[in-house]
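Here is a short tour for anyone opening this structure for the first time. Have a look at the sequence and the model, then read on.

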Amino acid sequence: MENEEKIALVKKTIEKIRPYILNDGGDVEFVSLEDDIVYVNVLGACVGCGALEFTLRDGIAALILDEVPGIKDVQLANPSPSPFDTL
């Protein structure tokens, strides 16, 4: 599968989960595909949310990995710094 095909399928897959994330006041957007790793940004209520790791791993990533052949991982393009980083 070509990169352009993978990107199109990733975007289509993200659109399947977006309504659920939007319903909670957040959002997710595709940023890039590099070396079969999908990078996404989260917006709105997702930024700084304690459930973000769960949402990313068990929601967004699980769906993309299941529906898009060849994808190795899904990661945040710009992870928010942890409040513990300053300790």
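## Starting at Asp27

Let's begin with one residue and its surroundings. Setting aside residues up to four places away in sequence, Asp27 touches Arg18, Ile21, Leu22, Asn41, Val42, Leu43 and Cys46. Keep in mind that this is a predicted model, and that goes for everything below.

Where does Asp27 sit? You'll find Asp27 in strand β1. Is Asp27 buried or exposed? Its relative accessibility is 15%, and buried means under 20%, so Asp27 counts as buried. Its side chain also has a polar partner: there is a polar contact with the side chain of Arg18, at 2.7 Å.

## Helix α1

Now for the helix α1, which covers residues 3-23. Its 21 residues should span 30 Å at 1.5 Å a residue, and the end C-alpha atoms are indeed 30 Å apart, so the two agree. Still, the helix has a kink of about 40° at Ile17, shortly before the proline Pro19. Just after α1 comes Gly25, with a positive phi of about 90°.

Which residues of α1 are buried? They are Lys6, Val10, Thr13, Ile14, Ile17 and Ile21. An α-helix has 3.6 residues a turn, so residues three or four places apart point the same way. The cover over the buried residues of α1 includes β1, β2 and α2.

For a contrast, try Tyr20, which is also found in helix α1. With a relative accessibility of 61%, Tyr20 counts as exposed, because the cut-off for that is over 50%. Tyr20 and Gly59 are 39 residues apart along the chain, while their C-alpha atoms are separated by 9.8 Å.

## The β1-β2 hairpin

Next up are the strands β1 (26-34) and β2 (37-44). They run antiparallel and are joined by eight bridges. Together they form a hairpin, with two residues between the strands. At the turn end of β1, Glu34 has Ile37 in β2 as its bridge partner.

The loop between β1 and β2 holds Asp35 and Asp36. Phi of Asp35 is near 55°, a positive value in a residue other than glycine. Asp36 has a positive phi too, near 65°, and is likewise not a glycine. Is Asp35 buried or exposed? At 69% relative accessibility, Asp35 counts as exposed.

Back in the strand, Ser32 is part of β1 and has Tyr39 in β2 as its bridge partner. Leaving out neighbours within four places in sequence, Ser32 is in contact with Ile37, Val38 and Tyr39. Its side chain makes a polar contact with the side chain of Glu34, at 3.1 Å. Ser32 counts as buried, because its relative accessibility is 15%.

## From β2 to β3

The strand β2 has another partner besides β1. Four bridges join β2 to β3, and these two strands run parallel. Here Val38 stands opposite Val74 in β3. How many of the eight residues of β2 are buried? Six of them are, which leaves the strand mostly covered.

How do β2, α2 and β3 fit together? They make a right-handed β-α-β unit.

## Helix α2

That brings us to α2, the helix in the middle of that unit. It runs over residues 52-67, 16 residues in total, and reaches 21 Å from its first C-alpha to its last, close to the 22 Å expected at 1.5 Å a residue. There is a kink here as well, about 35° and centred on Ala61.

The buried residues of α2 are Leu52, Leu56, Gly59, Ile60, Ala61 and Ile64. So the kink's centre, Ala61, is itself among the buried residues. What do the buried residues of α2 pack against? They pack against α1, β1, β2 and β3, the last of these being residues 73-76.

Conventions:
Residues numbered from 1 in each chain as written. Predicted model: local features only at pLDDT ≥ 70, side-chain atom pairs only at ≥ 80, totals over all residues. Heavy atoms only, no water. Expected span 1.5 Å × (residues − 1). Bend = angle between axes of the 7 residues up to and from the residue. Buried < 20%, exposed > 50% of the residue type's maximum accessible area, 1.4 Å probe, protein only. Contact = heavy atoms within 4.5 Å. Pairing = 2+ DSSP bridges. Right-handed = clockwise from strand over helix to strand, strands pointing away. Polar contact = N/O pair within 3.5 Å; in protein donor to acceptor, adjacent residues only side chain to side chain.
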